[in-house]
Amino acid sequence: FKVKAARLKAIAKAIAKARKGQKFDLIVVHGAGPFGHKMVVDYGIADGVRTEKQIEGFVATHDSMETLDKEVVEALLKEKIPAITVQPSVCIIQSNKKILNFDITFVKDLLALGCVPVLYGDMVIDKMLGASVVSGDAIVSYLARELNAGKVLLGSDVDGVFDSNPRENKKAKLIEEINEGNVAIVMMKVAGSNAIDVTKGMKGKLQELRENVQAKECFIFNLEKEKNLEELLAGKKVKCTRVYFQ
């Protein structure tokens, strides 16, 4: 349960620099890492919350995510980015792990005011399962669709989507573009995450984009490489995977 402070600071600086060069609305959605995924596994709440122990896990996981989110928001604020948290657990309701209702009024009002809403993967009420995980990827896809986002950037720790695991296969090839023509083949090749990830890793990202985001440019890129985020926000090209579904 440790934040990569230097990496987070660099991300905040990249956003701040890009915003100085041009005006654009921005929503930040961050994942959970061990602050969420490990807690969900340890408490056995990936498939619902019913027992007293699972309720304890539900509350503890949400509290853990708030701890992480506070660090993210503080890093953004230090760079004079007007970031403010929008807590998913009070505006999202799911049914069988799928978003059923998402009140985005506050998000829209914050954008209109000139703020940067910050959301994150969280535990939320689920009409069928008691409570369930809403992934950051699901939140991104929903907001991109409902708010007609001009661009969707998904930061990872690899250069994009590969035809095999680049950590295990040095000859793995980057798939530079994913669309309706090749997505079925790509989905068969892409595995989940090697880390503890209850939201299906890279495969989960592609599933959410395919189901919910059409006619929008999406980029899966390496967030750990300096300049990538700044250049993508500025409309420049970087080594990554472009995802576009009609």
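Colleague: What makes the side chains of Asp157 and Arg167 a polar contact?
Modeller: Their distance is 2.6 Å. A polar contact is a pair of N or O atoms within 3.5 Å; within protein, one must be able to donate a hydrogen and the other to accept it, and residues adjacent in sequence count only if both atoms are side-chain atoms. The pair of Asp157 and Arg167 therefore qualifies.

Colleague: What are these values based on?
Modeller: This is a predicted model: local features need pLDDT of at least 70, side-chain atom pairs count only at pLDDT 80 or more, and totals for chains, interfaces and linings use all residues. Residues are numbered from 1 along each chain as its sequence is written, and side-chain values use heavy atoms, with hydrogens and water left out.

Colleague: Why does the polar contact between Asp157 and Ser156 count?
Modeller: It joins their side chains at 3.5 Å. The adjacency rule is met because both atoms are side-chain atoms.

Colleague: Is Asp157 buried or exposed, or in between?
Modeller: In between. Its relative accessibility is 41%. Buried means under 20% relative accessible area, exposed over 50%, partly exposed in between (1.4 Å probe, protein chains only). So Asp157 is partly exposed.

Colleague: Where is Asp157, and what does it touch?
Modeller: Asp157 sits in the loop between β8 and β9. Helices (H or I, at least four residues) and strands (E, at least two) are DSSP runs, numbered from the N terminus. Setting aside neighbours within four places in sequence, Asp157 is in contact (heavy atoms within 4.5 Å) with Arg167, Asn222 and Glu224. Asn222 is 65 residues away along the chain, yet the two C-alpha atoms are 5.1 Å apart.

Colleague: How do you know that the span of helix α7 agrees with its length?
Modeller: The expected span is 1.5 Å times one less than the number of residues. For the twelve residues of α7 (201-212) that gives 16 Å, and the end C-alpha atoms are 17 Å apart, which agrees. The buried residues of α7, among them Met202, Leu206 and Leu209, pack against α5, β8, β9, α6, β10 and β11.

Colleague: Which residues touch the most other members of the largest nonpolar core?
Modeller: Ile15, Leu76, Val118 and Leu229, in a core of 30 residues. A nonpolar core is a set of buried Ala, Val, Leu, Ile, Met, Phe, Trp, Tyr and Cys residues joined through side-chain atoms within 4.5 Å. Helix α1 gives the largest share, seven residues. Beyond its neighbours within four places in sequence, Leu76 is in contact with Ala12, Ile15, Ile81, Ala83 and Val118. A second, separate core has 22 residues, including Val152 and Leu154.

Colleague: What makes β1 and β2 edge strands?
Modeller: Each pairs on one side only. Two strands pair if DSSP finds at least two bridges between them. The open sheet has the order β1-β5-β2, with parallel pairing. Three bridges join β1 to β5, so that pair passes the threshold. His30 has Tyr120 as its bridge partner in β5.

Colleague: How do you know that β3 pairs with both β4 and β6?
Modeller: Count the bridges. β3 and β4 pair in the antiparallel sense over four; β3 and β6 run parallel, joined by two. Two is enough, because the rule asks for at least two. In the hairpin of β3 and β4, Asn96 takes a positive phi near 55°.

Colleague: What makes the side chains of β3 an alternating set?
Modeller: Ile92 and Gln94 point to one face and are buried; Ile93 and Ser95 point to the other and are not. In a regular strand the side chains alternate between the two faces of the sheet.
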